[in-house]
Amino acid sequence: MRPHTHSPTTQYLHDAIENCDKTQREIARDAGFPHPNMLSMMKTGESKVPISRIPALAAALGTDVRAFIEIAMHEYHPEIWHTLREHYAPLLSEPEEKLVELYQLASLGTEIPWSGELEDALHGVFSLAAQDPEP
């Protein structure tokens, strides 16, 4: 059943549930909801998704918690979200911004799995870059 609303948050939750390999009962249990019907009400738009429950829902659904929170905050509390993004966003230096851009380009919209080998390789690259050039 499609959501009864045009809510981006409801649509995100609905799509995540539909794409999850767990039953709705399992998702509700894993997210800490005592009754699966709460999930049904959120999925159809009869009830808002509580922002405080999004991290547990995202974990139960295997979705990106940051994207889920961003969608909900933008929809439910746009003024607060704008203020937080403007004033609490991490302030990056120009080289840090370039690193983030490179990561985003390399990841092609997916998350690159972190490993010890990747960390060692990056540490080596940054150590090499930090060394003074030979005269």
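The paragraphs below lead through a predicted model, moving from the packing of its helices to a few individual residues.

A useful starting point is an annotation. An unreviewed UniProt entry lists residues 13-68 under the name "domain: HTH cro/C1-type". In the model, this span is 62% helix and 0% strand. The C-alpha atoms at its two ends lie 8 Å apart.

Helix 1, which covers residues 8-19, can be followed next through two of its packing partners. One of them is helix 5, formed by residues 65-76. The axes of helix 1 and helix 5 are 8 Å apart, and the angle between them is about 155 degrees. Because angles over 145 degrees count as roughly antiparallel, helix 1 is described as roughly antiparallel to helix 5. On the side of helix 1, the contact is made by Pro8, Thr9, Tyr12 and Leu13. Helix 5 contributes Ala67, Phe68, Ile71, Ala72, Glu75 and Tyr76. Sorted by class, the residues of this contact comprise eight nonpolar, one polar and one charged.

Helix 1 also packs against helix 3, with an angle of about 125 degrees and axes 7 Å apart. This angle makes helix 1 oblique to helix 3. Here Thr10, Leu13, His14, Ile17 and Glu18 of helix 1 meet Leu39, Met42, Lys43 and Thr44 of helix 3. The contact of helix 1 with helix 3 consists of four nonpolar, three polar and two charged residues. Leu13 takes part in the contact with helix 5 and also in the contact with helix 3.

Within the contact of helix 1 with helix 3, Lys43 merits attention. Lys43 belongs to helix 3, which spans residues 36-44. Is Lys43 buried or exposed? Its relative accessible area is 11%, and Lys43 is therefore classed as buried, since the cut-off for that class is under 20%. With which side chain does the side chain of Lys43 make a polar contact? The partner is the side chain of Glu18, at 2.8 Å.

Ahead of helix 3 in the sequence lies a loop, which connects helix 2 (24-30) to helix 3 and contains Phe33. Phe33 has a relative accessible area of 8% and is thus buried. Leaving aside its neighbours within four places in sequence, Phe33 is in contact with Ala28, Met38, Met42, Arg53 and Leu57. Met42 is also one of the helix 3 residues that meet helix 1. As for distance, Phe33 and Val65 are separated by 32 residues in sequence and by 17 Å in space, from C-alpha to C-alpha.

The path now returns to helix 5 and its packing with helix 6, which comprises residues 78-88. The axes of helix 5 and helix 6 come within 5 Å and cross at roughly 125 degrees. Helix 5 is consequently oblique to helix 6. Glu70, Met73, His74, Glu75 and Tyr76 of helix 5 meet Pro78, Ile80, Trp81 and Leu84 of helix 6. This contact contains six nonpolar, one polar and two charged residues. Glu75 and Tyr76 appear here as well as in the contact of helix 5 with helix 1.

The last stop is helix 7, residues 94-107, where Ser107 is found. Ser107 counts as buried because its relative accessibility is 7%. A polar atom of the Ser107 side chain lies 3.2 Å from the backbone oxygen of Gln104.

Terms used. Residues numbered from 1 in each chain as written. Predicted model: local features only at pLDDT ≥ 70, side-chain atom pairs only at ≥ 80, totals over all residues. Heavy atoms only, no water. Axes fitted to C-alpha atoms, helices over the stretch in contact; angles between N-to-C directions. Helix = DSSP H or I, 4+ residues; strand = E, 2+ residues; numbered from the N terminus. Parallel < 35°, antiparallel > 145°, perpendicular 65-115°, else oblique. Contact = heavy atoms within 4.5 Å. Nonpolar A, V, L, I, M, F, W, Y, C, P; charged D, E, K, R; others polar. Buried < 20%, exposed > 50% of the residue type's maximum accessible area, 1.4 Å probe, protein only. Polar contact = N/O pair within 3.5 Å; in protein donor to acceptor, adjacent residues only side chain to side chain. UniProt positions renumbered as here; feature names shortened; annotations may be inferred.
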